[in-house]
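Here is a short set of exercises to work through with the model open beside you. Try each task yourself before you read its solution.

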Amino acid sequence: MRIVLALALALTGAPTMHAAEQTTGPAAQAGAKVTGHIRFDQVGFAPDEAKHAYLMTGGRPAPFTVIDAKGRPVLNGTAGRDLGAWNAAYRHVYDLDLTRLRKPGSYRITSGGLTSAEFTIAPSAALALPASKIVTFFGGQRDGGRRHANDRAAHVYDWPAFTGPDTDQIKGELTRIGGPVDVEGGWFDAGDYLKFTHILAYVDTLLWAARRDGGPVVDPRLKSEALHGLKYLDKMWDGTTRTLYIQVGVGAGNAEGTFVGDHDIWRLPETDDSSREKYIRNRPVFRAAPPGEPISPNLAGRTAAAFALAAQVEPDRKRAQSWLDKAAEIYAMAKTTDVGRLVTSLPHAFYPESVWRDDMELGGAELALAAQRLGDPRAAQWLEQAQHWATEYIAKDTGDTLNLYDVSALAHADLIRAGAPIKGALVADLKAQLEIGAARAAKDPFRAGAAYDAFDSVPHAFGLAATSRLYRSVTGDRGYDAFGTQQRGWTLGANPWGVSFVQGVGDNSISCPHYQISNLTGRPATGAVVNGPNAASLFDDGLGDHFEEMAKCPADGVDRYEQFTGRGSRFVDDVRSWQASEPADDFAAIAFYALTLMSRD
């Protein structure tokens, strides 16, 4: 496959635009001036894949011509059908189909007096470049060394009480119950410096899956990054006492004002070890359950999956077997009866996961694959367990798509690879997940398969892109390839805001993430993947004040994307807009996995 490295820039008056050939559609006005904006994937398209851009305008389109690097016309056409209104100012969005443009080279598009920026058709391995930038982001997220060295001897505390169900404000004091334990390392969770086993296990699982599935184009730094995550998970699991630690740090202080939390201070992580604030300097650690007691099945399943995936690719068979044994030990600790509310974070409202059978299916599938590779006789046992949880998931838990809270797509694909006899049911559910996104996309002017008026739109879109390739890998059916490509495109510029939600990827990527390290150092958070648009109502009360230490970004305070608010959603590129512009490890991990799979097309 080959990739078009494209620039997606907004069009108003003289700025650039892209358009596409379509033999049917609205009557184009020859010689008419076009105003509006063209949105498309800023990373590009493959010669053999469907290529779509979107013209959002208040009027009608004009004919267009694609010219090559020497200015010679290579394609003429008109815009496709009107896909509907975005908002009152942009009452029309036209489909621009560039699929017939296949020849490698550099091109521009002219239409209605406008000339686009240049885009280039290049080999598919070009997708490895944005993927490698995400690896760079994980390197910047690393904790340990000069950052939180005090975590090497941290104390364990009982779960805190909170002042309400939807707040992270703590009621009263923390109660120390154990320690010290070594919890140094891992990655910061997001723009803050907390660490969660629930998140990190998901992230490390996807990194190991990318190393297994990515082929020769995978960034060589990936192995080191995945090992960094696994080393931390190894610290979180105490096999001697059978204790899983789930969190380092607290988000907020207490109502009495006797201590503060991570979210109360804007600073660099290197300063924490000498902080005057006690729980910033010496961060508390919390466990999933008392020693030896069963642990929440979502945690057991996904943590076991990370170790088992590592065992699938580790060349040293002795080390691989030790990781498999550790995965088995954790998996066996899962509490699968009288489960109650799942354990994710403190407070639970940070990460309100409610589905766990997919995690158990994933853990069992990865254990089975690792055991098959190593000749471990337990493979059949884990395959049977994974099938059981897959069947239970399909019967009781469907309705979401691949993201932090639902890993069934990867679990289904790997269970099929492990030889599960229920392949038909697994394929059907993979298809059903894709159809959830496809049905939503069919009604959306920009063909978005994720809900963009809620949290996690960008990771859901990347999850759908990844699922399209997982589905193809186990069926050979390319029927959802174009849909998957559209979802990748939506995250990288083919959206109403014309923004790539991965910093440093594309010509117009997010520039003011809610991210302390880049804000205070002035260095871009290259490879950071942000939440993206969210419910417009979340911004009704404004963005709030800046921390005293916070550098204003944008410097002039102007919301350049306000005019594109529509269909109940809004995106704000501002350092204060945690609702839209905060990066997170789980966002980055699924983006990395999707781009890695697509780089092999």
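**Exercise 1. The disulfide**

Task: Work out how many disulfides this predicted model holds, and describe what each one connects.

Solution:
- Start with the count, which comes to one disulfide.
- Next, identify the partners: C512 and C553, with their sulfur atoms 2.0 Å apart. A pair needs its sulfur atoms within 2.5 Å, so C512 and C553 qualify.
- Now look along the S-S bond of C512 and C553: the angle there is -70°, and the link is left-handed.
- Then place the two ends. C512 sits in the loop between helix 12 and helix 13 (516–521), and C553 in the loop between strand 18 (534–535) and strand 19 (569–570), so the link ties together parts that are 41 residues apart in sequence.
- Finally, check burial for C512. The cut-off for buried is under 20% relative accessible area; C512 has 4% relative accessibility, so it counts as buried.

**Exercise 2. An aromatic pair**

Task: Classify the ring pair of F501 and F571, and say where its two residues lie.

Solution:
- For context, the structure holds 22 aromatic pairs.
- In the pair at hand, the ring centres of F501 and F571 are 5.1 Å apart and the planes meet at 70°. Planes over 60 degrees apart count as edge-to-face, so that is the class of F501 and F571.
- As for location, F501 belongs to the loop between helix 12 and helix 13, while F571 belongs to the loop between strand 19 and helix 14; the pair links distant parts of the chain, 70 residues apart.
- Both F501 and F571 are buried.
- To widen the view, one aromatic cluster is formed by Y54, W86, F446, Y452, W490, W497, F501, Y561 and F571.

**Exercise 3. The largest cavity**

Task: Find the largest cavity and describe its lining.

Solution:
- Begin with the total: there are eight cavities of 30 Å³ or more.
- The largest cavity holds about 70 Å³ of space.
- Its lining is made of D41, F45, A50, K51, H52, Y54, F446, T485, Q486, G489, W490 and A494.
- Strand 3 (52–57) and helix 12 (481–491) are the elements that give two or more residues to this lining. Helix 12 provides the largest share, four residues.
- Sorted by class, the lining of the largest cavity has six nonpolar, four polar and two charged residues.

**Exercise 4. The largest pocket and a helix in its lining**

Task: Characterise the largest pocket, then examine helix 15.

Solution:
- The largest pocket has a volume of about 1100 Å³.
- There are 39 lining residues, and those closest to the centre of the pocket are D192, H263, F350, W578 and E582.
- Helix 14 (578–581) and helix 15 are the elements that give two or more residues to the lining.
- By class, the lining of the largest pocket has 20 nonpolar, nine polar and 10 charged residues.
- Turning to helix 15 (residues 585–598), its 14 residues should span 20 Å at 1.5 Å a residue, and its end C-alpha atoms are 20 Å apart, which agrees.
- Helix 15 is mostly covered, with 14 of its 14 residues buried.

**Exercise 5. Helix 3**

Task: Compare the length of helix 3 with its expected span, and list its buried residues.

Solution:
- Helix 3 (residues 222–236) has 15 residues.
- From its first C-alpha to its last, helix 3 reaches 21 Å, close to the 21 Å expected at 1.5 Å a residue.
- The buried residues of helix 3 are L222, E225, A226, H228, G229, L230, Y232, L233 and M236.

Note on methods. Residues are numbered from 1 along each chain as its sequence is written. This is a predicted model: local features need pLDDT of at least 70, side-chain atom pairs count only at pLDDT 80 or more; totals for chains, interfaces and linings use all residues. Side-chain values use heavy atoms; hydrogens and water are left out. The expected span of a helix is 1.5 Å times one less than its number of residues. Buried means under 20% relative accessible area, exposed over 50%, partly exposed in between (1.4 Å probe, protein chains only). On a 1 Å grid over the protein atoms alone, a cavity is a set of points where a 1.4 Å probe fits but cannot get out, and a pocket is an open set with protein on both sides within 12 Å along at least five of seven lines; lining residues have an atom within 4 Å of a point. Grid points are joined across faces, edges and corners, and a volume is the space filled by probe spheres set on the points. Ala, Val, Leu, Ile, Met, Phe, Trp, Tyr, Cys and Pro count as nonpolar, Asp, Glu, Lys and Arg as charged, and the others, Gly among them, as polar. Rings of Phe, Tyr and Trp (its six-membered ring) pair if their centres lie within 6.5 Å; planes under 30 degrees apart count as stacked, over 60 as edge-to-face and the rest as tilted.
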